[in-house]
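The exercises below ask for a careful reading of one protein chain, from its overall fold down to individual charged side chains. Try each task on the structure before turning to the solution.

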Amino acid sequence: MGKNRKGAVMEKRKKRKCLMSEQDPPANEPDLKKQKAEGEEEEEEEGVETNQELTPEEKRTLERKLKKERKKAQKKLLREAGIVSQKEEVKKPTGSELALEYLTSWSENPEAWKFQKTRQTWLLLHMYDQDKVPDEYFSILLRYLEGLQGSARTVTVQKAEALMKEYDAPGTEDPGSLEKRERIRIVLQLLS
């Protein structure tokens, strides 16, 4: 039954096209727009009737298609008007921002805080870098490290010891390494 209606709609479209091609386009432009609008209204009315026979999934797909067509038409109108639509670029927070926010949440609101492995890993990898973990956050990080358990704790201690040996080796006098060396020493004292 849906196919019969579809066939009828197609026939109406063909008739309209024939009528449009026979008529003089420049003289009847407003009439053509009216005919198109009326034809769309008829199709919508028929579409409402067919919606009653469609399954919920078919309704959703039809709604998506219609939404897509409306959006496409809207973009076309904007393009014709000379307005270029620009997509809003949402700035995603960096790993450093997320990790520091995670740390702040742990210290300020422990009830709402939730463990996140990726944030902890980032903090453990970058905790010696003063640029990535500023001093104000480092004190919070030290309190966080007190509760560190399991393999994360042992691996952190092993890495800190290895880094300390590396910085203590002769010929590694770097002005930035003094701050790193101090942080490593503090972490080793805390976890050992």
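**Fold and long-range contacts**

Task 1. In this predicted model, determine what share of the contacts with a separation of 6 or more comes from residues 24 or more positions apart, and describe the secondary structure of the chain.

Solution. Among contacts with a separation of 6 or more, 61% are made by residues 24 or more positions apart. Turning to secondary structure, the chain contains eight helices and zero strands, so that, read from the N terminus, the order of elements is α-α-α-α-α-α-α-α. As for burial, 21% of the 192 residues count as buried, while the chain exposes about 15,100 Å², of which carbon and sulfur atoms supply 53%.

**A charged patch**

Task 2. Identify which residues form the positive surface patch, and decide whether Lys75 is buried, partly exposed or exposed.

Solution. The patch consists of Lys67, Lys68, Arg70, Lys71, Lys72, Lys75, Lys76 and Arg79. One of these residues, Lys75, can be placed in helix α3, which spans residues 56-81. Lys75 has a relative accessibility of 40% and therefore counts as partly exposed, since that class lies between the limits of 20% and 50%.

**The salt bridges of Arg183**

Task 3. Work out which residues are linked with Arg183 in a network of salt bridges, and where in the chain the partners lie.

Solution. The structure holds four salt bridges. In one of them the side chain of Arg183 meets that of Asp135, with an N to O distance of 2.9 Å. This pair links distant parts of the chain, because Arg183 belongs to helix α8 (residues 177-191) and Asp135 to helix α6 (residues 135-146), 48 residues apart. Next, Arg183 also forms a salt bridge with Glu179, whose closest N and O atoms are 3.6 Å apart; these two residues are separated by about one helical turn because they lie four residues apart in helix α8. Taken together, Asp135, Glu179 and Arg183 are linked in a network of salt bridges. Within this network Arg183 is buried, at a relative accessible area of 1%, whereas Asp135 is partly exposed at 45% and Glu179 is partly exposed at 30%.

**A pair within helix α8**

Task 4. Find how far apart the closest N and O atoms of Arg185 and Glu182 are, and state how exposed each residue is.

Solution. The closest N and O atoms of this salt bridge are 2.1 Å apart. Both residues lie in helix α8, three residues apart, which is about one turn of the helix. Arg185 is partly exposed, with a relative accessible area of 32%, and Glu182 is likewise partly exposed, at 33%.

How values were computed. Residues numbered from 1 in each chain as written. Predicted model: local features only at pLDDT ≥ 70, side-chain atom pairs only at ≥ 80, totals over all residues. Heavy atoms only, no water. Buried < 20%, exposed > 50% of the residue type's maximum accessible area, 1.4 Å probe, protein only. Contact = heavy atoms within 4.5 Å. Areas by Shrake-Rupley, 256 points an atom, 1.4 Å probe, with all protein chains shown as cover. Patch = residues over 30% accessible without salt bridge, like charges linked within 9 Å, V, L, I, M, F, W, Y side chains within 5 Å. Lys, Arg positive; Asp, Glu negative; His and termini not counted. Charge placed at Lys NZ, Arg CZ, Asp CG, Glu CD.
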